[in-house]
Amino acid sequence: MKELKELTRENIWNLAPYSCARNEFSGRNAKVYLDANENPYNGPLNRYPDPLQLEVKKQLAKVKGVAEDCIFLGNGSDEAIDLMYRCFTEPKVDNVVAMDPTYGMYKVCADINDVEYRTVSLNEDFSLNADNILAACDNHTKVIWLCSPNNPTGNALDRGAIEKILKDFEGLVVVDEAYCDFSSQKPFRTELSKYPNIVVLNTMSKAWGSAGIRLGMAFASKDIIDILNKVKYPYNVNALTQREALELLADPYEVDKWVRTILLERSRVVDAIKVLPICRKVYPTDANFVLVEVDDARKTYEYLVDRGIIVRNRNSVHLCNGCLRITIGTKTENQELLAALRTM
Ligand SMILES: *Cc1c(COP(=O)(O)O)cnc(C)c1O
């Protein structure tokens with residue numbers, strides 16, 4: 001890996017971050033807070049939240065097996081994705097490399113930040129060719145985006161291919177593991193010390209059932225996390241979200257139960273879709289959704305919309321011609337979907 005200083009935008013490396021009122025006083029006992037121009041009434045929400053979310057990180061560290069100072073928390077993973085550009089890429093000069101198809105936010109954030117976004121096609125079976133990814137990189141490639149299990153294809157990437165990229169690429173490698181709870185593959189977040197250039201993304205939005213609270217996380221070396229923290233808005237994760245996250249983290253077994261139920265439903269839905277006359281192919285999935293190729297994706301999509309059932313039409317996505325992406329719902333919801341498809 002190149003020196004982190006070399007990978008970081010010069011102005012960001014030299015940035016003096018905003019200093020919050022409560023940061024300046026440290027540790028000692030306090031009972032009267034007159035430092036932040038807060039209203040003394042309407043507690044506890046009258047107070048600014050902890051800018052570094054230390055209580056949440058303490059619990060997350062236990063649940064995720066990652067050291068507290070190797071955790072960044074943001075307003076969804078989307079904040080971490082955007083920060084990767086703002087911290088490590090120089091607009092109009094640097095580039096990033098990503099697989100195609102993959103999650104759309106990597107490109108949107110590249111466009112917003114005016115950074116060149118290079119794509120490398122996955123193989124027809126949605127597997128990753130590490131050599132092709134590495135061949136697309138040049139001296140200005142700062143970040144490689146990998147998503148495993150991948151959205152919208154559903155498959156986990158081959159671990160060996162990811163490891164090759166981590167070892168052979170000199171810049172940063174993001175491995176977005178938003179769906180790792182649904183996969184039997186070992187996650188990368190516990191191997192931070194082995195790969196100094198890895199940034200693993202996780203989110204509360206999928207297995208943790210909390211897309212509404214907007215809490216995403218990045219796991220990386222302390223040095224990388226420190227840079228993300230320096231650039232984020234000081235109070236990027238609000239007090240209500242931090243409180244709700246602590247409640248969720250107090251009962252991770254509830255999440256395990258949800259995941260087990262969803263996995264059971266997933267295999268039931270996959271088996272049922274496979275035997276539908278309109279079904280051409282069900283792609284293997286390691287996520288809480290399944291990509292299905294049907295005879296006529298647009299027609300099937302509209303047919304379902306007319307019955308109040310919304311799936312994602314991925315017909316115009318590279319390699320996904322004729323495909324719908326279907327999220328696994330409750331047993332009743334899946335039943336409704338299957339009933340509708342059977343009578344099409
Ligand atoms: C859903 C999803 C996320 C989650 O984004 P949030 O901003 O945390 O809700 C991240 N990455 C991928 C690939 C996703 O599909």
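Student: N42 is found in the loop between α3 and α4. What makes N42 count as exposed?

Tutor: Start with the terms. This is a predicted model: local features need pLDDT of at least 70, side-chain atom pairs count only at pLDDT 80 or more, and totals for chains, interfaces and linings use all residues. Residues are numbered from 1 along each chain as its sequence is written, and side-chain values use heavy atoms, without hydrogens and water. Helices (H or I, at least four residues) and strands (E, at least two) are DSSP runs, numbered from the N terminus. For accessibility, buried means under 20% relative accessible area, exposed over 50%, partly exposed in between, with a 1.4 Å probe and protein chains only. N42 has 63% relative accessibility, so N42 counts as exposed. N42 also has a positive phi of about 70°, although N42 is not a glycine.

Student: Why does D114 count as partly exposed?

Tutor: D114 has 37% relative accessibility, which falls between the two cut-offs, so D114 is partly exposed. D114 lies in the loop between α6 and β3. D114 too has a positive phi, about 60°, without being a glycine.

Student: And what makes D168 partly exposed?

Tutor: Its value is 42%. D168 belongs to helix α8, residues 159-168. The C-alpha atoms of D168 and W258 are separated by 38 Å.

Student: Which peptide bonds are cis, starting with the one that joins G43?

Tutor: The bond between G43 and P44 is cis, with omega about 0°. P44 sits in the loop between α3 (21-24) and α4 (54-64). The bond from D100 to P101 is also cis, with omega near 5°. P101 lies in the loop between β2 and α6 (105-112).

Student: How do you know how compact the protein is?

Tutor: The protein has 13 helices and 11 strands. Its radius of gyration, taken over C-alpha atoms, is 22 Å, while the globule rule (2.2 Å times the number of residues to the power 0.38) gives 20 Å for 344 residues. The two are close, so the protein is as compact as a globular protein of that length. Buried residues make up 50% of the 344.

Student: What separates a cavity from a pocket?

Tutor: Whether the probe can get out. On a 1 Å grid over the protein atoms alone, a cavity is a set of points where a 1.4 Å probe fits but cannot get out; a pocket is an open set with protein on both sides within 12 Å along at least five of seven lines; lining residues have an atom within 4 Å of a point. Volume is the space filled by probe spheres set on the points, and grid points are joined across faces, edges and corners. The largest pocket has about 360 Å³. Its lining has 20 residues, with T102, Y103, G104, N151 and R314 nearest the centre.

Student: How many cavities of 30 Å³ or more are there?

Tutor: Two. The largest has about 60 Å³, and the second largest about 40 Å³.

Student: What makes T300 the polar residue in the lining of the second largest cavity?

Tutor: Ala, Val, Leu, Ile, Met, Phe, Trp, Tyr, Cys and Pro count as nonpolar, Asp, Glu, Lys and Arg as charged, and the others, Gly among them, as polar. Thr is on neither list, so T300 is polar. The lining divides into eight nonpolar, one polar and no charged residues. β9 (289-294) and β11 each supply at least two of them.
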